[in-house]
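This report describes a ligand site and then two helix contacts, taken one after the other.

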Amino acid sequence: MYLTRPPMGFNTWNTFADNISDQLVREIADRMVSDGYLECGYNYLVIDDCWSLHTRDEQGRLQSDPEKFPYGIKALADYVHSKGLKFGMYSCVGNYTCAGFPGSYEYEFIDAKTLAEWGVDYLKLDYCYKPQTEDGARLYRRMGLALANCGRDIVLSACSWGADETHKWIKSTGAQLFRSTGDIFDNFGSIREIYNIQKNIYQYNGQGCFNDMDMLVVGMNGEGHVANRDNFCTLEEYRTHFSIWALFGSPLMIGSDIRSQTDATKAILQNKAVIAINQDPAYRQPYLFMSKPGNADVWVRHMDNGDLVFGIFNMSENTEMFPLSFTDHIGLNRTCGVSLKLFDVWDMKSLGTFKDIYVTHVEPHSSKLIRARICED
Ligand code: GAL
């Protein structure tokens, strides 16, 4: 299966971790539809770790925990599908999942068949407890083959955290997305760390195998498994986080509890103009346009309709001035005879038409997405 756009959806891990159940997943499914998430493109609902029993059945099949999922996974998948959503689950290339449940090592073909029978559309495959003598690429390839031959279209979401230079071999495995970093946390330091890692590997992103920068923490507000009540992102930092994930074309998997979202959070997660950048049909990689000390950077991405998007990410602790010279990197010099008509995507306002240069200031931890249309002088 070939994906042309980064997947969008919801994953249970960031907020709920072990605390998952049939009822929770059904409630999330309901809210994804009733609160407008599905309409914005968030169509995968993924159950992460901790859904199974600690033992396989007599035929070697994974079995769901009957206390958490009393009606079984097939019934839950049917419910999720009845809402117009796709259904995802989690396993691991190693002997155990990261939380210690059975992993898929040497059970790949059995597990792929079981998932297909249950009606699963997406498998997140983690990297814990990989036997040391085994090569990660080999294990992802084995599951890639098992899924490709299980009789159902199942997306393979590799979660090897960028280990062993994942980006160099992952496209050979059949994975449609790959985690390029360790786990995200709900604080700005974590966002900055993940962002910095992208500076060396963003070139490996592309249609068919997307660079997954990890699930979003937007809207966690200090609540949930990967959050800390004493130190969590501000609204402005969430906006920066979402802007980066959007411009870099990362999958957008919501990790906060969408049942108790504030309007301010929804305004970020459901911003259709920002999502449109992430989901742009041409799916070009961004390029670094300018970089100031402290990771105060500007990136540019070319859109399918001929527009450009400037992503200005001020990860530093100081307010910075950004002089965007259109000749630099983009190559729009005087002889082109064109200007740029600029639109601030978050503020939804036109900034005017500029020739040669546009200068703007951005506060610490803040960002701007500016969509530019080429016009004749
Ligand atoms: C980590 C993974 C997380 C989550 C967790 C579950 O390895 O990066 O996203 O899936 O395992 O135990």
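## Ligand surroundings and helix packing

In this predicted model, the ligand is surrounded by 13 residues, of which Asp48, Asp49, Lys124, Asp126 and Asp183 come nearest. Side chains among these approach oxygen atoms of the ligand through polar atoms, and the table lists the separations for Asp48, for Lys124 and for Asp183.

| Side chain (N or O atom) | Distance to an oxygen atom of the ligand |
|---|---|
| Asp48 | 2.6 Å |
| Lys124 | 2.8 Å |
| Asp183 | 2.5 Å |

Turning to the helices, H5 (residues 108–118) packs against H6 (residues 136–148) at an angle of about 40 degrees, and their axes are 8 Å apart. The two are therefore oblique to each other, and the crossing of H5 and H6 is right-handed. On the H5 side the contact involves Glu108, Phe109, Asp111 and Ala112, which meet Leu139, Arg142, Met143, Leu145, Ala146 and Leu147 of H6. By class, the residues of this contact comprise 7 nonpolar and 3 charged, with no polar ones.

The second contact joins H8 (residues 188–201) to H9 (residues 235–247), whose axes lie 10 Å apart and form an angle of about 20 degrees. Because that angle falls under 35 degrees, H8 is roughly parallel to H9. The crossing of H8 and H9 is left-handed. Here Phe188, Ile191, Ile194 and Tyr195 from H8 meet Glu237, Thr240, His241, Ile244 and Trp245 from H9, and the residues of this contact divide into 6 nonpolar, 2 polar and 1 charged.

How values were computed:
Residues are numbered from 1 along each chain as its sequence is written. This is a predicted model: local features need pLDDT of at least 70, side-chain atom pairs count only at pLDDT 80 or more; totals for chains, interfaces and linings use all residues. Side-chain values use heavy atoms; hydrogens and water are left out. Axes are lines fitted to C-alpha atoms, for helices over the stretch in contact, and angles run from 0 to 180 degrees between N-to-C directions. Helices (H or I, at least four residues) and strands (E, at least two) are DSSP runs, numbered from the N terminus. Angles under 35 degrees count as roughly parallel, over 145 as roughly antiparallel, 65 to 115 as roughly perpendicular and the rest as oblique. A crossing is left-handed if the near helix is turned anticlockwise from the far one by less than a right angle, and right-handed if clockwise. Contact means heavy atoms within 4.5 Å. Ala, Val, Leu, Ile, Met, Phe, Trp, Tyr, Cys and Pro count as nonpolar, Asp, Glu, Lys and Arg as charged, and the others, Gly among them, as polar. A residue is near a molecule or strand if one of its heavy atoms lies within 4 Å of it. A polar contact is a pair of N or O atoms within 3.5 Å; within protein, one must be able to donate a hydrogen and the other to accept it, and residues adjacent in sequence count only if both atoms are side-chain atoms.
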